[in-house]
Amino acid sequence: MPQDKAAITREDVLHLAQLARLTVDEADVERFAIQLSDIVSYMDVLNSVDTTDVPPLYTPAEHVLQYREDAAAHVRTREQVLANAPEKTEDYFVVPRIV
């Protein structure tokens with residue numbers, strides 16, 4: 001692969017993996033470098049396209065915001081919620097101790 005400004009090096013891949021806290025096999029480092037270089041090269045191709053007369057496209061569909069009244073509502077009673085609990089004591093859920 002010819003070296004160009006979009007070339008991602010082996011060291012770049014290892015650095016990205018370290019930043020992302022990922023473990024990368026040595027066998028995959030070269031493959032990832034090629035794949036990432038291809039992605040960056042494609043972004044360069046997209047950047048070279050003349051879009052001066054193209055209006056920006058925010059979304060392909062028109063979305064109208066539907067507002068609703070923000071009001072608190074009690075949908076279920078405490079008894080209804082606790083009825084689904086596998087184990088309960090009085091008005092509380094019983095859960096396993098974590099410590």
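This note goes through helix α2, a nonpolar surface patch, the salt bridges, two backbone angles and two long separations in a predicted model.

1. Helix α2. This helix covers residues 26–47, which is 22 residues. At 1.5 Å a residue it should span 32 Å, and its end C-alpha atoms are 32 Å apart, so the expected and computed spans agree.

2. The buried side of α2. Val 29, Ala 33 and Ser 37 are the buried residues to look for in this helix. Seen down the helix axis, the buried residues fall within an arc of 65°, so they line one face of α2. What do they pack against? The partner is α1, residues 10–19.

3. The nonpolar patch. Eight names are worth marking on the surface: Leu 16, Leu 19, Leu 36, Ile 39, Tyr 42, Met 43, Val 45 and Leu 46. Together they make a nonpolar surface patch of about 750 Å². The elements giving two or more residues to the patch are α1 and α2. Of the contributors, α2 gives the most, with 6 residues. The two helices therefore appear together twice in this note: the buried residues of α2 pack against α1, and both helices supply residues to the patch.

4. Val 45 within the patch. Val 45 is one of the patch residues and sits in helix α2. Is Val 45 buried, partly exposed or exposed? Its relative accessible area is 46%, so it counts as partly exposed.

5. Salt bridges overall. How many salt bridges does a search of the whole structure find? The search finds 3. Each is taken in turn below.

6. Glu 26 with Arg 10. The side chains of these two residues meet in a salt bridge, at 2.2 Å from N to O. Glu 26 belongs to helix α2 and Arg 10 to helix α1, so the pair ties together parts that are 16 residues apart in sequence. The partners fall into separate exposure classes: Glu 26 counts as exposed at 53% relative accessibility, while Arg 10, at 33%, is partly exposed.

7. Asp 28 with Arg 31. Here the closest N and O atoms of the salt bridge are 3.0 Å apart. Both residues lie in helix α2, 3 residues apart, which is about one turn of the helix. Arg 31 is partly exposed, with 41% relative accessibility.

8. Arg 78 with Asp 91. The side chains of Arg 78 and Asp 91 meet in a salt bridge at 4.0 Å, N to O. The pair links distant parts of the chain, 13 residues apart: Arg 78 is in helix α3, and Asp 91 is in the loop between β1 (88–89) and β2 (92–93). A reader checking this pair should know that the cut-off for a salt bridge is within 4 Å. Asp 91 has a relative accessibility of 41% and so counts as partly exposed.

9. Positive phi angles. Which residue in the loop between α1 and α2 has a phi near 55°? That residue is Arg 21, where the value is positive although the residue is other than glycine. Arg 21 is exposed, with a relative accessible area of 77%. Glu 90 also has a positive phi, of about 50°, and is not a glycine. Glu 90 is placed in the loop between β1 and β2, and its relative accessible area of 69% makes it exposed.

10. From Ser 48 to Ala 83. Ser 48 is found in the loop between α2 and α3, the latter being residues 78–82. At 59% relative accessibility, Ser 48 counts as exposed. How far apart are the C-alpha atoms of Ser 48 and Ala 83? They are separated by 62 Å, with the two positions 35 residues apart along the chain numbering.

11. From Val 95 to Glu 26. Val 95 lies in the segment after β2 and is exposed, with a relative accessible area of 64%. Its C-alpha atom and that of Glu 26 are separated by 45 Å, and the two residues are 69 residues apart along the chain. Glu 26 is the residue already met in point 6, where its side chain forms a salt bridge with Arg 10.

Methods
Residues numbered from 1 in each chain as written. Predicted model: local features only at pLDDT ≥ 70, side-chain atom pairs only at ≥ 80, totals over all residues. Heavy atoms only, no water. Helix = DSSP H or I, 4+ residues; strand = E, 2+ residues; numbered from the N terminus. Expected span 1.5 Å × (residues − 1). Buried < 20%, exposed > 50% of the residue type's maximum accessible area, 1.4 Å probe, protein only. Arc of directions from axis to C-beta. Contact = heavy atoms within 4.5 Å. Patch = residues over 30% accessible without salt bridge, like charges linked within 9 Å, V, L, I, M, F, W, Y side chains within 5 Å. Areas by Shrake-Rupley, 256 points an atom, 1.4 Å probe, with all protein chains shown as cover.
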